[in-house]
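Morning, everyone. Please look at the screen for a moment. I'll talk you through some spaces and some packing.

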Amino acid sequence: MRIALDIAALGSRAAAMIEELGAISARPDNLTRLFLTPEHRRAADLVARWMSEAGLAVDEDALGTVRGGWYPAGKEAPRLLIGSHIDTVANAGRYDGAMGVVLGILAVGEIARAGLTPPYGIDVLAFGDEEGTRFPTTLSSSAAIAGVFPPASLAGADSDGVSLREALIAYGKNPDDIPSAAYDPSRVIAYVEAHIEQGPVLEAEGQPLGVVTAIAGASRLSVTVTGEAGHAGTVPMRMRRDALLGAAEMALEVERIARADRHGMVATVGRMHVEPGSVNVIPSRVVFTVDLRSGSDMSRREALTRFEREAHRIADRRGLGVVISAFHEVATVPCYRDLQLRLGNAVADLGHRAPSLASGAGHDGQAMSKLCPVGMLFVRCRGGISHNPAEYTSPEDMGLAAAALIRFIERFQLPQLDGGPSGAQT
């Protein structure tokens, strides 16, 4: 069965829903909606209403994930999962996460109204803790659904000293029920998410939609460079042990390594602390961070090895000490090859080419990959801007994304996928 698509209407409806959801904020002057807050409750209730209006059966689990279910083959049939998140960073844009939830509701609503009867069901999921802004956790909502929620994270507290456990109870949930949020892996087919690109590639290529090959793995390092303080006016340049200049050279080496990579690697030195920090004293100690991301774990590991080697070479030449320690490590999550092909075919059916690209940002798919195959559809965003009030995706592009999800579901008649994950070297 082939559904007649009104792409303009889908886009207009998506834009209206984004505006309504984006008005729910803890602050009157910007969008800030954190996990398990009163604003999260209001947003979850709105999403639940939309799901119900779309003909979905609504439920909410122990981590506050709103689930809208459509079961044409009965509740025991396998399920395709579609979703994203409704929490935000502070001073956020309106489309990150929320758009994926809205598009999922619109697509499944159209499918249900058309009377399609596939041999599987669909659950639309609205997660609440993708950004990790309030607690020292991230992806806890999707981790619970995937059956990999770490109980120790319940003790983590926000800036007001409220623990995740206490916040869940205040939200009306019982932390002891968290294990019941997990899906049975044998009854889940795949997880698919539509998300703004959060980057400039699709806009540069003139394409509204893209297919994600992998969610990039990430390594974060703390680098401590030690030298010797001295008077800025009396120590000759050739005799200095300037920790800041050594750190600066190492930072440039990070950039050089990332630019030479063939797997879309990105590297950022985002924080640098200089001691003693006086205008007339040679810096004696610098601590800086490195955030390294790549669609290939092998490439990322090789880059880390090269950086460590070059950092020590720079330190030795300048008479400095250097200590490098890793404080964060997340593996690459390849998207399933079959899902990539199916999403690409759905976009092609709408008359567009879907570029293949990796995601440098984290997503709920990282946790969901512990449960089932994952796939992602990227949607063009203006200027590649995200986590910013200027974040914007046009109604036209959202309409196309909703239509692509509909075409994807129409063709997704078999509960078994062919092929394995691809898009990253592990």
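I'll take a pocket, then the cavities, then the nonpolar cores. One caution before that: this is a predicted model.

Let's start with the second largest pocket. How much space lies in it? About 310 Å³. Its lining is made up of 19 residues. Nearest its centre you find Asp 59, Arg 67, Arg 79, Asp 123 and Tyr 183.

Which strand gives the largest share of that lining? Strand 1, with four residues. That strand runs 57–60. Strand 2, which is 66–70, supplies at least two residues as well. Now sort the lining by class. Nine residues are charged, seven are nonpolar and three are polar.

Next, the cavities. How many reach 30 Å³ or more? The count is two.

Take the largest cavity. Its volume is about 50 Å³. The residues around it are Leu 221, Val 254, Ile 257, Val 290, Leu 292, Ala 303, Leu 304 and Phe 307. By class, that makes eight nonpolar, with no polar and no charged residues. Where do they come from? Helix 7 (243–260), strand 10 (285–294) and helix 8 (297–318) each give at least two. Helix 8 has the largest share, at three residues.

Now the second largest cavity. Its volume is about 30 Å³. Leu 21, Gly 22, Leu 31, Arg 33, Thr 88, Gly 93, Arg 94, Asp 96 and Ala 98 form the lining. Here the classes split into three nonpolar, three polar and three charged. Set that beside the largest cavity, whose lining has no charged residues.

Last topic: the cores. The largest nonpolar core holds 78 residues. Which of them have the most contacts inside it? They are Leu 21, Val 47, Leu 80, Leu 103, Ile 105, Phe 408 and Ile 409. You have met Leu 21 already, in the lining of the second largest cavity.

Pick out Leu 80. Skip its neighbours within four places in sequence. What is Leu 80 still in contact with? Tyr 120, Gly 121, Ile 122 and Asp 123 are on the list. So are Ile 189, Ala 190 and Val 192. Phe 408, Ile 409 and Phe 412 complete it. Notice Asp 123, which also lies among the residues nearest the centre of the second largest pocket.

Apart from the largest core lies another one, of 22 residues. Its members include Ala 243, Phe 307, Ala 315 and Val 322. Phe 307 also lines the largest cavity.

That's my tour. Thanks for listening.

Notes:
Residues numbered from 1 in each chain as written. Predicted model: local features only at pLDDT ≥ 70, side-chain atom pairs only at ≥ 80, totals over all residues. Heavy atoms only, no water. 1 Å grid on protein atoms, 1.4 Å probe; cavity = no way out; pocket = protein on both sides within 12 Å on 5 of 7 lines; lining within 4 Å. Points joined across faces, edges and corners; volume = space filled by probe spheres on them. Nonpolar A, V, L, I, M, F, W, Y, C, P; charged D, E, K, R; others polar. Core = buried A, V, L, I, M, F, W, Y, C linked by side-chain atoms within 4.5 Å. Buried < 20%, exposed > 50% of the residue type's maximum accessible area, 1.4 Å probe, protein only. Contact = heavy atoms within 4.5 Å.
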